[in-house]
Amino acid sequence: MLLYMSNGSAGTKSTPLHSVSVAGAVVREDGRLLAIRRADNGTWELPGGVLELTEAPEAGVAREVLEETGIHVDVDELTGVYKNTTRGIVALVFRCKPSGGAERTSAESTAVDWLTPAEVEERMAEVYAIRLLDALDGNGPHVRSHDGRQLITQL
């Protein structure tokens, strides 16, 4: 597939710009899921962030989870692709297994916790909870879009 970006000059159609992020759906042996409370807005989400330009997605997931939580992970598989249609962010979510380290907060997280699936649904907005729950169902990879607040029905 040929990819290009337009400079948006007058008289030309501009191609939307997108950001690619990665997130880890880290599942412990007891079924609990790793989550962070973000420092910037106080919401509970999966650990993750922007994929670096020269970085492989799996390496980006491992880096982001470690940076935000102190947990080392082994990356298993892609479980979903999620697009925030308002912000132009495409998130790749990978199921991971913890392989070492110890929970700690960071400049990006004010809390780190291992949640049950029920706690995920209670603490997280639906657009983030579904990413963790999709990783558990074994039917992925899922492809979903949302507007930042709610899922958009796919046809």
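Is Glu 64 buried or exposed? In this predicted model, Glu 64 counts as buried, at 6% relative accessibility, and the sections below place that residue among its charged partners and within the chain as a whole.

## Overall architecture

The secondary structure of the chain comes to 3 helices and 9 strands, and these elements follow one another along the sequence in the pattern β-β-β-β-α-β-β-β-α-α-β-β. Of the 155 residues in the chain, 37% count as buried. Among contacts with a separation of 6 or more, 63% are made by residues 24 or more positions apart. The surface that the chain exposes amounts to about 8,800 Å², and carbon and sulfur atoms supply 52% of that area.

## Salt bridges

Side chains of opposite charge can pair when their charged atoms come close. A search of the whole structure finds 12 salt bridges, and one of them joins the side chains of Arg 63 and Glu 64, with 3.0 Å from N to O. In this pair Glu 64 is the buried partner, at 6% relative accessibility, whereas Arg 63 is partly exposed, with a relative accessible area of 21%. Because the limit for a buried residue is set at under 20%, Arg 63 with its 21% is classed as partly exposed. Both residues also belong to a network of salt bridges that links Glu 52, Glu 55, Arg 63, Glu 64 and Glu 67.

A further salt bridge is formed by Glu 77 and Arg 95, whose closest N and O atoms are 2.0 Å apart. This pair links distant parts of the chain, since Glu 77 is in strand β5 (residues 71-84) and Arg 95 is in strand β6 (residues 89-101), 18 residues apart. Here the arginine is the buried partner, with a relative accessible area of 19% for Arg 95, while Glu 77 counts as partly exposed at 38% relative accessibility.

## The largest pocket

About 550 Å³ of space lies in the largest pocket. The lining of this pocket is made up of 26 residues, and those that lie nearest its centre are Ser 21, Arg 38, Glu 45, Arg 87 and Tyr 128. Two or more lining residues come from each of β1 (19-26), β2 (33-38), β4 (48-50), β5, β6 and α3 (126-137), with β1 giving the most, at 4 residues. By class, the lining has 11 nonpolar, 8 polar and 7 charged residues.

Two of the residues named nearest the centre of the pocket, Arg 38 and Glu 45, also meet through their side chains in a salt bridge, with 3.4 Å from N to O. Glu 45 counts as buried, at 8% relative accessibility, whereas Arg 38 is partly exposed, with a relative accessible area of 27%.

## The surroundings of Glu 119

Glu 119 has its place in helix α2 (residues 117-123) and is partly exposed, with a relative accessible area of 23%. When its neighbours within four places in sequence are left aside, Glu 119 is in contact with Arg 32 and Trp 114. The C-alpha atoms of Glu 119 and Leu 33 are separated by 9.4 Å, although these two residues are 86 residues apart along the chain.

How values were computed
Residues are numbered from 1 along each chain as its sequence is written. This is a predicted model: local features need pLDDT of at least 70, side-chain atom pairs count only at pLDDT 80 or more; totals for chains, interfaces and linings use all residues. Side-chain values use heavy atoms; hydrogens and water are left out. A salt bridge is a side-chain nitrogen of Lys or Arg within 4 Å of a carboxyl oxygen of Asp or Glu. Buried means under 20% relative accessible area, exposed over 50%, partly exposed in between (1.4 Å probe, protein chains only). On a 1 Å grid over the protein atoms alone, a cavity is a set of points where a 1.4 Å probe fits but cannot get out, and a pocket is an open set with protein on both sides within 12 Å along at least five of seven lines; lining residues have an atom within 4 Å of a point. Grid points are joined across faces, edges and corners, and a volume is the space filled by probe spheres set on the points. Ala, Val, Leu, Ile, Met, Phe, Trp, Tyr, Cys and Pro count as nonpolar, Asp, Glu, Lys and Arg as charged, and the others, Gly among them, as polar. Contact means heavy atoms within 4.5 Å. Accessible areas come from the Shrake-Rupley method with a 1.4 Å probe; for residues, only the protein chains shown count as cover.
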